Amino acid sequence: MSTLEISFTDIENAIASENISMSGGDLEIGEIRRSIRMIGEFDNPKDIEGIIVKSEKGKIVYLRDIGQVEYGFKDRDSYARLDHKNVVSLQVVKKSGENLLSTIDQVFDILDEAHETKMIPDNLVVTITNDQSDIVKMQLSNLENSIIMGIIFVVFVLFLFLGTRNSLFVGIAIPMSMLISFLVMGMMGTKINMIVLFSLILALGMLVDNAIVVTENIYRYLSQGYTVFEAARQATGEVALPIISSTATTLAAFFPLLFWKSIMGEFMSYLPQTLIIVLVSSLFVALVLIPVIFIQFYKRGENITLPKAKRSLFIAAILLIVAVLAYAAGVNWIGTVLIIFAIIGLMNLAFLSRLALWFQNVGLVWMENFYTKFIRFALSKNNPFYLISGTFILMIITMMFYFGNNPKVDFFPSADPKLINVKADLPISTDIEVTDSVVRDLESRVFELLDPNMKVVESVLAITGKGAVGQNEGFNGRGGSPNRGLITINFVDFEDRDGISTNDIMEELADSLVGRYPGITLTVERQEEGPPTGKPINLEISGKDFTKLLDLSDDIISIVNSENIPGIEELQIDLDKEKPELLINIDREKARRYGLSTGQIASAVRTALFGKEISDYKDGEDEYKIVMKLEDRYRNNISDLINQRITFRSASSGKIVQVPISAVADFEYSSTYGSITRIDKKRVVTIFSNVLQGYNANEINNEMKSIMANYDMPPGYDYAFTGEQEEQEESMAFLATAMLIAVSLITIILVSQFNSFVKPGIIMFTVLLSTIGVFGGLATFKMDFIVIMTGIGIVSLAGVVVNNGIVLIDYIGLVKLRKKEELGIDENEDLLLEDAKECIVEAGKTRLRPVLLTAITTILGLMPLAVGLNIDIVSFLNNFNPNIYFGGDNAVFWGPMSWTVIFGLSFATFLTLVIVPAMYHALYLAKIKFIGLTKKNK
């Protein structure tokens, strides 16, 4: 090019001018107009070599004289291997806000269509790895199965307490409430997800509470001789206000959660939305639909008689015959459902109905009698004061015992990971070939470590360069560079691991790999659950001078490392330092003397090194870029690159001039940073690290906070713990505020209902005392305190606990009012202590069944999820394989919240049945004594 005085511009213009198709307009020939189109595009890449680049003074220069045309590929920027086999890895990333399951289904449809139409050859193997939809589908399936099991448990308890027909009256509230809820959520555009499904499980026990109270009260009125219509009217009217109030208090507990604005708040926002919709729906069903259904379908005496043998056997036989036909037709699930109903009918004939009758006529009667004796004892003499003070002391002891043992505090629950990423960062600007050789060695080491547990490994995908991006990094400047390698280990589903813990595998990988390869930064990361919150250790150093920030961050890392804090994987900074670069310094004055501009010089270097797209080559529907650049042997030689001549025609003389770049510029080796982060206009360097398996992030951060508290930060420089720690502190602060707001709203509702501060005070005191159950249960079973899940569980508990207290205290007031009417006493006067005590005993005995029912149904509704009981209902119905197992991601994820409600509600039931009456009687006793003293003083 230099000898023939040809520039890059000459080549570009020659190719662009020859590779062209253009319309020439229309030509009128007789009565016909023909459009003229000039065809000049290349038919073959070799045609490009025959282009005349320069023709001057009879000398013709073809492109083949100065270069060659290669029909090839771009420089390789990635490598991918699946289980040691070379593959082409295609990553499909869902857009924000779109449905993951729908996206994956569409991908599978495209692949199926490609296979059917032979667009994908039969010998081309397509393997799906890291399919996030599998995890989501499994979680959704487990939650759906938990809902079904919860319904079964709830209906069975209702059957024992209320009998067959009445349990159906209450049980119908479940599907009807959910149907109304789905209609409302559908109109709101809410999509079904794991948060919505868990909300339905949490609401499962609560949504029947109102129906239980209404049905049980109607049944009580019927036992007193009222007609069905009158019983439904009187009973519903009697409890309407208290169940509206109790529902309002529950809604008040969840209402503040709607205003949670952080990332975690957006993630959990479906919980309060769903619960509010479901509980309002259940209130409508209980007050409007249940009485109507009861009037239409209730038959007196039907609830306490044994089923007829002939009728039951006939129905069971019919169901079995239809089931056989369903199996013959291949509709297995219908056959299985019919067989289940037939078996339930036979069990009901054999013993279930007798069990229910015994429980109602013997078990509950014994329970009521025992409760009556116990409550009389609790209300006698000074026992109420002993019980109240003892419970309060127990609360203090329980909290001291739990927090005194320094329980582990985690921000979010963490299950055995389904995916593990081993990420390797070599020095920046490392050639991709070198990086891939290191990743191959690392890959072999990973397989060695996985070998004893390969039966639980589904696939191992290794990616070097582009695409080697961690889960929380996204496609940014730090991900997918030539110096980056990523090995993703995908495990089989939890139920297929035979008890092997992937946490243990991850710990072994971290111990064997991290810190063992000099010059390589290795991190072992688990799949993140929930929304992205940042690294568990994330310390931001901010200030003006970047060099000073780097010095500070290096100093802080040295100090922290010297303390040997256990659990820190490896402290790093979010800055690629020492990125090699070559600076070309242009002498502007010299360049202008030769007639060159800085732009011409820069363009020449860029074209020679990076290349320049100058045209397109079309092959049918495919289009390939024509890129011009120097040959590799010159391109990667600094001397050739800096000594290349820039050829141009002088504007002053009109002659062709050639100027070597070295004549107007020199170069020097240097280094720079990969990227610079600014927050609020301040430069920021972030020190971060993962936490090793088995260690607690909060404990490590507390030690680092102690170190930083004694660290002398220069004026103008500051530090802050961000990432997961920042989100945790914000979430704890919000949940504490939400709890205060919820308690305030509940108190306002109660004061409005009872027109008193004393009765709401009794109920709210039970909310405080219910924490005995929460912290006592966590301490007994040595459970960690999960900030998000346990916190939301306590807030939820506040709304649940008050329900039974409201119904009980309201009914105590109603019984006392009736007693005054019976004795002919004015409603503003006080009853005698014995009469008042008997009213409390009668109200407690009357409300014993609904209080126990509402508590047991809520607890049993959550129990499958709390213990991690997983039964594949669909598989069982289709092929009799229930695939029963305990544990899994859902149990770890939702278990802490479930256990919080279960522990708290279990103890709160005792509070409602014993401590609330005791406090009510103690305050009434104090009131009587105070009035007596006042009269005596007068």
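The buried residues of helix α15 are covered by several elements, among them the strands β5 (78-82), β8 (419-425), β9 (457-465), β10 (484-491) and β11 (521-526), together with helix α16 (502-513). This arrangement is seen in a predicted model. The points below treat helix α15, then the aromatic pairs and the charges over rings, and finally two buried asparagines, N19 and N348.

**Helix α15**

- Helix α15 comprises the 19 residues 432-450; at 1.5 Å a residue the expected span is 27 Å, which agrees with the 26 Å between its end C-alpha atoms.
- Its buried residues are I432, T435, D436, V439, L442, E443, V446, F447, L449 and L450.
- Because these residues cover an arc of only 145 degrees around the axis, they fall on the same side of α15.
- D441 and E448 lie on the other side of α15, where they are exposed.
- At the start of the helix, a side-chain oxygen of D431 comes to within 3.0 Å of the backbone nitrogen of E433.

**Aromatic pairs**

- There are 16 aromatic pairs in the structure.
- One of these is formed by F392 and F765, which are stacked, with 6.2 Å from centre to centre and 15 degrees between the planes.
- Since F392 belongs to helix α14 (residues 383-404) and F765 to helix α25 (residues 758-769), the pair ties together parts that are 373 residues apart in sequence.
- F392 has a relative accessibility of 34%, so this residue counts as partly exposed.
- W899 and F903 are also stacked, because their ring centres are 5.2 Å apart and their planes stand at 20 degrees, under the limit of 30 degrees for stacking.
- Both W899 and F903 are located in helix α31 (residues 889-937), where a separation of four residues corresponds to about one turn of the helix.
- W899 and F903 are both buried.
- A single aromatic cluster is made up of Y327, F876 and F880.

**Charges over rings**

- K705 places its charged end over the ring of F721, at 5.7 Å from the ring centre.
- The face of Y811 has R847 lying over it, 4.3 Å from the centre of the ring.

**Asparagine N19**

- N19 is situated in the loop that runs between α1 (8-18) and β1 (22-29).
- With a relative accessibility of 10%, N19 counts as buried, because the limit for a buried residue is under 20%.
- The side chain of N19 reaches the backbone oxygen of D616 at a distance of 2.5 Å.
- When neighbours within four places in sequence are left aside, the residues in contact with N19 are G40, E41, F42, S615, D616 and I626.

**Asparagine N348**

- N348 is placed in helix α13 (residues 332-379).
- Its relative accessible area is 18%, and N348 is therefore buried.
- Between N348 and S312 there are 8.8 Å in space, C-alpha to C-alpha, and the two are 36 residues apart in sequence.
- The contacts of N348, leaving aside neighbours within four places in sequence, are with F159, T164, P307 and S353.

Terms used:
Residues numbered from 1 in each chain as written. Predicted model: local features only at pLDDT ≥ 70, side-chain atom pairs only at ≥ 80, totals over all residues. Heavy atoms only, no water. Helix = DSSP H or I, 4+ residues; strand = E, 2+ residues; numbered from the N terminus. Expected span 1.5 Å × (residues − 1). Buried < 20%, exposed > 50% of the residue type's maximum accessible area, 1.4 Å probe, protein only. Arc of directions from axis to C-beta. Contact = heavy atoms within 4.5 Å. Polar contact = N/O pair within 3.5 Å; in protein donor to acceptor, adjacent residues only side chain to side chain. Phe/Tyr/Trp six-rings, centres within 6.5 Å; stacked < 30°, edge-to-face > 60°. Lys NZ or Arg CZ within 6 Å of the ring centre and 35° of its normal.
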